[in-house]
Amino acid sequence: MAKPIMVQGTMSGAGKSLLVTALCRIFTEDGYRVAPFKSQNMALNSYVTNDGLEMGRAQVVQAAACGKEPDVRMNPVLLKPSTDTGSQVIVNGEVLKHMPAAEYYAFKSELIPSVLEAYESLAEENDIVVIEGAGSPAEINLKKDDFVNMGLAELVDAPVLLAGDIDRGGVFAQLYGTVALLEPNEKERVKGLLINKFRGDVRLLGNGLDQLFALTGVPTLGVIPYLKVKLDEEDSLAESLSVKTAQRPVDVAVLRLPKISNFTDFAPLEDHPVLGLRYVESPEELGSPDLVILPGTKSTVADLLWLRQTGLEAAIQKLAARDVPVLGICGGYQMLGEELADPDGVEQGGTFRGLGLLPLRTVFETQKTRTRVRARLLDPVCAKLSEGTEDASPNEVLLDGYETHNGTTTLTETGASAKETSPFCVILDNATGNDSSHEDGFVRGNVFGTYLHGLFDSGELTEAMARWLCSRKGIPYEAPVPKSHAEEQEEELTKLAAAVREALDMDAVYEILGLPNPSHANDR
């Protein structure tokens with residue numbers, strides 16, 4: 001069985017996910033077979049595996065750090081918030097049901113067998129399992145039936161590294177207070193403290209680390225610098241939702257919906273040198289961008305009504321009428337249509353008017369679509385994106401993404417008028433790589449819609465759209481060296497591991513694990 005090690009934090013956002021990712025890559029670089037594990041994750045950004053199952057995005061990044069394909073065993077319980085007090089509960093990649101918080105709290109102990117089965121299965125196949133906690137182990141009101149923090153550490157006999165966030169201030173109080181609130185047997189599991197997100201000279205900490213050791217009896221094993229790595233974030237605390245990218249020639253506005261989900265779709269756009277991405281919440285912030293994007297959402301109807309109430313709906317309609325391109329993805333795509341019907345009460349029940357920018361009708365269904373796909377942008381769309389560019393002939397643009405949604409969207413027009421609307425892409429057959437009979441999304445004029453998440457990850461659509469938007473503004477386009485999102489993530493993972501390895505006492509970490517440090521293999 002694998003040796004476990006667990007990273008817990010003093011609070012949400014302390015950097016647990018990033019530290020687990022770094023350890024996964026370090027142990028993998030050192031020649032060990034490694035897997036990440038998070039028993040329960042709450043996230044707005046999910047991912048669909050090759051076998052059509054849903055899991056948290058952070059564990060997908062951690063799997064990449066291990067050189068492994070994402071596997072739902074790495075995240076057996078996923079909570080996707082759908083209201084302020086409830087979440088969709090996903091177990092082993094399948095939707096169980098929607099539960100209010102109180103109902104889930106009473107139910108969660110029934111999930112422990114599934115969690116242990118997933119963990120033990122991974123442990124049989126690996127040398128090290130790096131476990132990520134959630135929130136804080138000192139949330140004393142939530143300890144009953146805990147299988148996320150110290151409860152899980154006890155179940156799998158894992159030593160714990162406790163991380164505090166110095167960037168938010170009060171890191172000594174965070175670490176001491178957390179340890180002080182633990183039960184005696186829980187304190188024994190904490191083998192090392194980590195000070196995370198430090199800016200400046202470590203000497204400024206003075207004798208604080210010695211005093212912290214005297215108070216807690218736990219050594220500080222590392223002061224991790226504030227690392228600016230561009231890895232996929234998984235929740236609305238992500239800095240990408242609050243910080244604008246640098247001033248760039250093309251202005252791209254993404255609607256920051258209250259229930260926004262899968263905003264990792266836009267990471268490749270943030271990295272592109274000509275695309276200035278910003279998130280907006282009001283008509284005043286929206287202004288007159290070069291492209292408007294309606295992202296995915298965990299509650300399409302609620303966010304559609306929010307657009308209406310804030311005046312953003314009217315602002316988007318006016319921009320579309322002025323020939324500003326508008327792109328809707330998943331829930332944003334559903335909003336672009338004329339009507340959304342919810343006969344089974346999947347969201348709110350009833351029928352709702354859409355933005356009317358595409359002649360479509362969406363019917364919500366209880367069965368959830370979850371699938372990974374490869375697709376090809378259809379020729380009329382390629383031709384549209386080639387208008388005004390130096391290369392006026394349509395080019396083949398391949399997409400690599402996934403679908404996760406409730407609902408079917410169909411064209412409402414027939415006959416001659418329907419010819420003005422064309423499908424967005426065709427799904428490729430997995431076996432042959434050729435076009436299948438299944439098409440996705442629709443395009444009409446300057447309005448584009450698709451169910452496909454991750455559509456920019458291959459880099460091909462990003463380049464085609466950036467070139468087209470530049471041509472519309474009459475500005476020259478200098479193509480950067482093309483990279484896929486996966487290639488960029490791989491570079492960031494290597495940088496992350498190197499920085500954390502340098503800051504962390506890896507000898508102590510390997511001693512905690514009871515494994516040899518391979519970096520000393522040539523010291524003899």
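Colleague: At what relative accessibility does Arg 376 stand, and is Arg 376 buried or exposed?
Modeller: In this predicted model, the relative accessibility of Arg 376 is 14%. Buried means under 20% relative accessible area. Arg 376 therefore counts as buried, at a relative accessibility of 14%.

Colleague: With which residue does Arg 376 form a salt bridge?
Modeller: The closest N and O atoms of the pair are 2.5 Å apart, and the partner is Asp 435. Arg 376 lies in strand β21 (residues 360-377) and Asp 435 in strand β24 (residues 435-444), so parts 59 residues apart in sequence are tied together. The partner is partly exposed, with a relative accessible area of 41%. The residue asked for is Asp 435.

Colleague: Which residue meets Glu 186 in a salt bridge?
Modeller: The two side chains meet with an N to O distance of 2.9 Å, and the partner is Lys 143. This pair links distant parts of the chain, 43 residues apart: Glu 186 is in helix α7 (residues 184-189) and Lys 143 in the loop between β9 (128-132) and α5 (150-156). Glu 186 is buried at 13% relative accessible area, whereas its partner is partly exposed at 24%. The residue is Lys 143.

Colleague: What is the relative accessible area of Asp 165?
Modeller: Asp 165 forms a salt bridge with Arg 168, in which the closest N and O atoms are 3.2 Å apart. Arg 168 is partly exposed, with a relative accessible area of 47%. Asp 165, in contrast, is buried, and its relative accessible area is 1%.

Colleague: How many salt bridges does a search of the whole structure find?
Modeller: Side chains of opposite charge can pair when their charged atoms come close. Besides the pairs discussed above, Glu 29, Asp 30 and Arg 501 are linked in a network of salt bridges. For the whole structure, the number of salt bridges found is 31.

Colleague: Within what arc do the buried residues of α12 fall, seen down its axis?
Modeller: Helix α12 (residues 312-321) has Leu 312, Glu 313, Ala 315, Ile 316, Leu 319 and Ala 320 as its buried residues. These residues line one face of the helix, because the arc within which they fall is 165°. The face turned away from the buried side carries the exposed residues Lys 318 and Ala 321. The arc asked for is 165°.

Colleague: Which strand pairs with β18 over 4 bridges?
Modeller: Strand β18 (residues 326-329) is among the elements that cover the buried residues of α12. Strand β16 (residues 291-294) runs parallel to β18 and is joined to it by 3 bridges, with Leu 327 as the bridge partner of Ile 293. Val 326 stands opposite Val 447. The strand with 4 bridges to β18, also in the parallel sense, is β25.

Colleague: Which residues of β18 point the other way from Val 326 and Gly 328?
Modeller: In a regular strand the side chains alternate between the two faces of the sheet. In β18, Val 326 and Gly 328 point one way, and all four residues are buried. Those pointing the other way are Leu 327 and Ile 329.

Colleague: Which helix gives the most to the largest nonpolar core?
Modeller: This core has 71 residues, and those with the most contacts inside it include Ile 316 and Leu 294. Another core, of 52 residues, lies apart from it and has Val 129 and Leu 182 among its members. With 7 residues, the helix that gives the most to the largest core is α15.

Definitions and conventions
Residues numbered from 1 in each chain as written. Predicted model: local features only at pLDDT ≥ 70, side-chain atom pairs only at ≥ 80, totals over all residues. Heavy atoms only, no water. Buried < 20%, exposed > 50% of the residue type's maximum accessible area, 1.4 Å probe, protein only. Helix = DSSP H or I, 4+ residues; strand = E, 2+ residues; numbered from the N terminus. Pairing = 2+ DSSP bridges. Salt bridge = Lys/Arg side-chain N within 4 Å of Asp/Glu carboxyl O. Arc of directions from axis to C-beta. Contact = heavy atoms within 4.5 Å. Core = buried A, V, L, I, M, F, W, Y, C linked by side-chain atoms within 4.5 Å.
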